[in-house]
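Colleague: I should be grateful for a close look at a single part of this model, set out as a connected account. Please begin from the polar side chains and then place them within the chain.

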Amino acid sequence: MKRREKLTDEVKVWLGETLKSDLKVIAARQGFDSLSPFIRKILREFAYGHGSEQRDLLAGMVRDD
């Protein structure tokens with residue numbers, strides 16, 4: 001059984017009203033009752049579906065803010 005990683009880092013994302021509303025609708029359709037876990041799922045799918053050998057090098061080139 002795979003252990004879940006502890007969620008310790010916060011990332012603030014500014015969204016327009018329409019995008020936020022659309023994401024909430026999609027999240028609800030997929031059975032989510034909160035937006036944060038849904039966005040985390042989308043980010044995981046994007047990051048791990050498009051990973052590369054240079055992951056650590058590239059991650060160091062992007063600021064957290």
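Modeller: The account below starts from one loop residue and moves outward to the rest of the chain.

The model is a predicted one, and the part chosen here is Gln 30 with its surroundings. Gln 30 is located in the loop that joins α1 to α2, the latter spanning residues 35-49. The relative accessible area of Gln 30 is 44%, so this residue is classed as partly exposed. Leaving aside residues up to four places away in sequence, Gln 30 is in contact with Phe 38 and Lys 41. With Lys 41 there is also a polar contact, side chain to side chain, at 3.2 Å.

Lys 41 leads on to a second interaction. A salt bridge links Lys 41 to Glu 45, and the closest N and O atoms of the pair lie 3.0 Å apart. That distance meets the criterion for a salt bridge, because a side-chain nitrogen of Lys or Arg has to be within 4 Å of a carboxyl oxygen of Asp or Glu. The structure holds 1 salt bridge. Both partners belong to helix α2, and because they are 4 residues apart there, about one helical turn separates Lys 41 from Glu 45. Lys 41 has a relative accessibility of 22% and therefore counts as partly exposed. Glu 45, at 47% relative accessibility, is likewise assigned to the partly exposed class. The side chain of Lys 41 thus takes part in a polar contact with the side chain of Gln 30 and in a salt bridge with Glu 45.

Helix α2 also contains Pro 37. With a relative accessible area of 29%, Pro 37 is partly exposed. Between the C-alpha atoms of Pro 37 and Ala 27 the distance is 9.0 Å, while 10 residues separate the two in sequence.

On the other side of the loop is helix α1, which covers residues 17-29 and includes Leu 19. Leu 19 has a relative accessibility of 44% and so counts as partly exposed. Together with Val 11, Val 13 and Leu 15, Leu 19 makes up a nonpolar surface patch, whose combined accessible area is about 360 Å².

The segment before α1 holds Glu 10. Glu 10 is exposed, at 76% relative accessibility. In sequence, Glu 10 and Asp 64 are 54 residues apart, yet their C-alpha atoms are separated by 9.5 Å in space.

These details belong to a chain with 3 helices and 0 strands, whose elements follow the order α-α-α from the N terminus. Of the 65 residues, 6% are buried. The exposed surface of the chain comes to about 6,900 Å², and 53% of that area is contributed by carbon and sulfur atoms.

Finally, the confidence of the prediction should be stated. The mean pLDDT of the chain is 83, and 77% of the residues reach at least 70. Confidence is highest in α1, at a mean of 97, and lowest in helix α3, residues 55-59, where the mean is 62.

How values were computed: Residues numbered from 1 in each chain as written. Predicted model: local features only at pLDDT ≥ 70, side-chain atom pairs only at ≥ 80, totals over all residues. Heavy atoms only, no water. Patch = residues over 30% accessible without salt bridge, like charges linked within 9 Å, V, L, I, M, F, W, Y side chains within 5 Å. Areas by Shrake-Rupley, 256 points an atom, 1.4 Å probe, with all protein chains shown as cover. Helix = DSSP H or I, 4+ residues; strand = E, 2+ residues; numbered from the N terminus. Buried < 20%, exposed > 50% of the residue type's maximum accessible area, 1.4 Å probe, protein only. Contact = heavy atoms within 4.5 Å. Polar contact = N/O pair within 3.5 Å; in protein donor to acceptor, adjacent residues only side chain to side chain. pLDDT = per-residue confidence, 0-100.
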